[in-house]
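Student: I'd like a close look at one part of this model, and then a sense of how the rest is laid out. Pick the part you'd start from and take me through it in one go.

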Amino acid sequence: MRVLGVETSCDETGIAVYDTTEGIVGQHIYSQVELHAKYGGVVPELASRDHIRKTLPLIGQTIADSDLSMNDLDGVAYTAGPGLTPALLVGATLARALAWSLDVPAIAVHHMEAHLLATLLSPSKPQFPFISLLVSGGHTMLVKATDFGEYEILGESLDDAAGEAFDKTAKLLDLGYPGGPEIARLAQQGTPGVFTFPRPMTDRPGLDFSFSGLKTAVQSAVKERSDLTEQTRADIAFALEDAIVSTLYIKCRRALEAHDIHQLVLAGGVAANQKLRERMNDLNADVHYPPIALCTDNGAMIAYAGHERLIRGMSTDLVIDCRARWSIEAINRTGSI
Ligand code: KG4
Ligand code: ZN
């Protein structure tokens, strides 16, 4: 069985084909980073216009590079949410129409579930049940996954996501977008202990997060220094990365202990962070990650999540719809959204 995956929830057009026996047989990602860089964040209207230009040609290119024809597809999966509505609608419309024209099922995929399942594309696969830390630009949450499609949110961010904290601080430090990789790069030059930022909500019980205060702490540190030298910026970047990584580490340890689970899955764009990966090795648990390239948004995770739904008999009605907000706990077991 072969499933085409179409990801257009934010600023990446991601296309891939997943084959039951061969795995990912082709994939392409087009990033709009340059388009949004000068705004310091994603502009939804510009994102959707670019997805309109790029999605169909990228599908054609991916099919051709996989030595397949459209008729070899058994299903078309697309990100139906959560994400930016104008961007999601492009993928939903094109994928749904393509499935209809090929007379194959369309499969609406939940973006965060796809991030979580991407780990199953790595050689060392976790077994259910596991705890997943989903850390992206839009979400930070701890999820208990007991089976495919069976997710319980144990804790989540009450305000900014971890990725957002990286992105907003990067903006304050005049670094590029997306901020995570920029902060991580600059932090390598930073001196430990020059700045110390809080580990929000770690001093009280519970598994929720709050990262918006970090932005304020960085703002104050920047204001205090009239000369924002390259070294000071690096010291701030180091302290910020350290605060986010430590906070995520403490909450993961707490979740694993509370639920007596010994497998942790890290997923989402921030899971690409090297310091975070190193720190998680200190946990008394098997830690699994998707391959680095599949941490940030991509079509492969959508093709795979769609494939897993299709082989379980789930598909989506002949409707074009998306959900900007969509809890991972509310995923429908029938395939409709
Ligand atoms: O999952 P993703 O590609 O998109 C969303 O679904 O939001 O995550 C993007 C986020 C951005 O906030 C970006 O700054 C962050 O992931 N990110 C990183 C790294 N690479 C991407 N954060 C920290 N370290 C990285 N190496
Ligand atoms: Zn994502």
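Tutor: One definition before we start: when I say that a helix lies across or touches something, contact means heavy atoms within 4.5 Å. The angles I'll quote run from 0 to 180 degrees between N-to-C directions, with axes fitted to C-alpha atoms. Also keep in mind that this is a predicted model.

Let's start at the metal. Which protein atoms hold the zinc ion (ligand 2)? The donors are NE2 of H111, NE2 of H115 and an OD atom of D297, and they lie 2.0 to 2.1 Å from the ion. Along the sequence, these donor residues follow the spacing H-x3-H-x181-D. The short gap is easy to place: H111 and H115 both sit in helix α4 (residues 111-117), four residues apart, which is about one turn of that helix. Are the two histidines buried or exposed? H111 and H115 are both buried.

Now widen the view to the domains. The protein chain is divided into domain 1, made of 2-116 + 294-330, and domain 2, covering 126-289. Taken over C-alpha atoms, the centres of the two domains are 27 Å apart. Their contact draws on 21 residues from domain 1 and 22 residues from domain 2.

Next, the sheet that begins with β1. This open sheet has five strands in the order β3-β2-β1-β4-β5, with mixed pairing. The edges are taken by β3 (23-31) and β5 (106-110); each has a single partner strand, so one side of each is left without a neighbour in the sheet. From one strand to the next, the twist averages 20°.

Strand by strand, β1 (residues 2-7) runs antiparallel to β2 (residues 12-19), and six bridges join the pair. One spot to find on screen is E7, whose bridge partner in β2 is G14. On its other side, β2 is joined by eight bridges to β3, again antiparallel, and these two strands form a hairpin with three residues between them. E12 has S31 as its bridge partner in β3.

Two helices cross this sheet. Helix α2 (residues 44-65) lies across β1, β2 and β3, at about 25° to β2. Helix α10 (residues 299-310) lies across β1, β2, β3, β4 (75-81) and β5, at about 135° to β1.

There is another open sheet, also five strands with mixed pairing, ordered β8-β7-β6-β9-β10. Its edge strands are β8 (150-156) and β10 (286-288), each with a single partner, so one side of each has no neighbour in the sheet. Here the twist averages 25° from strand to strand. Strands β9 and β10 run parallel and are joined by three bridges; Q263 pairs with D286 in β10. Helix α8 packs on this sheet, touching β6, β7 (140-147), β8 and β9, and its direction makes about 155° with that of β6.

So what fills the interior? In soluble globular proteins, nonpolar side chains tend to be buried together. In this model, the largest nonpolar core has 50 residues, with F197 and M280 making the most contacts inside it. Among the elements that each supply at least two of its residues are β6 (130-135), α5 (162-172), α7 (212-224) and β9 (263-267). Helix α8 gives the most, with 14 residues. Leaving out residues up to four places away in sequence, F197 touches L214, A217, V218, A221, I236, A239, L240 and A243. Apart from this core lies another, of 33 residues, including A114, I153, M301 and M314.

Last stop, the segment after α10. G313 is found there, and at 64% relative accessible area G313 is exposed, because exposed means over 50%. Its C-alpha atom is 9.9 Å from that of P105, although the two are 208 residues apart along the chain. R333 belongs to the segment after α10 as well. R333 has 42% relative accessibility and counts as partly exposed. With neighbours within four places in sequence set aside, R333 is in contact with F148, G149, E150 and M314. That last contact leads back to the core of 33 residues, which has M314 among its members.

How values were computed. Residues are numbered from 1 along each chain as its sequence is written. Chains are lettered from A and ligands numbered from 1 in the order in which they are written. This is a predicted model: local features need pLDDT of at least 70, side-chain atom pairs count only at pLDDT 80 or more; totals for chains, interfaces and linings use all residues. Side-chain values use heavy atoms; hydrogens and water are left out. Donors are N, O and S atoms within 2.8 Å of the metal (3.2 Å for Na, K and Ca); water is not among the atoms, so sites may look incomplete. Buried means under 20% relative accessible area, exposed over 50%, partly exposed in between (1.4 Å probe, protein chains only). Two strands pair if DSSP finds at least two bridges between them. A nonpolar core is a set of buried Ala, Val, Leu, Ile, Met, Phe, Trp, Tyr and Cys residues joined through side-chain atoms within 4.5 Å. Domain bounds come from an automatic or database domain assignment.
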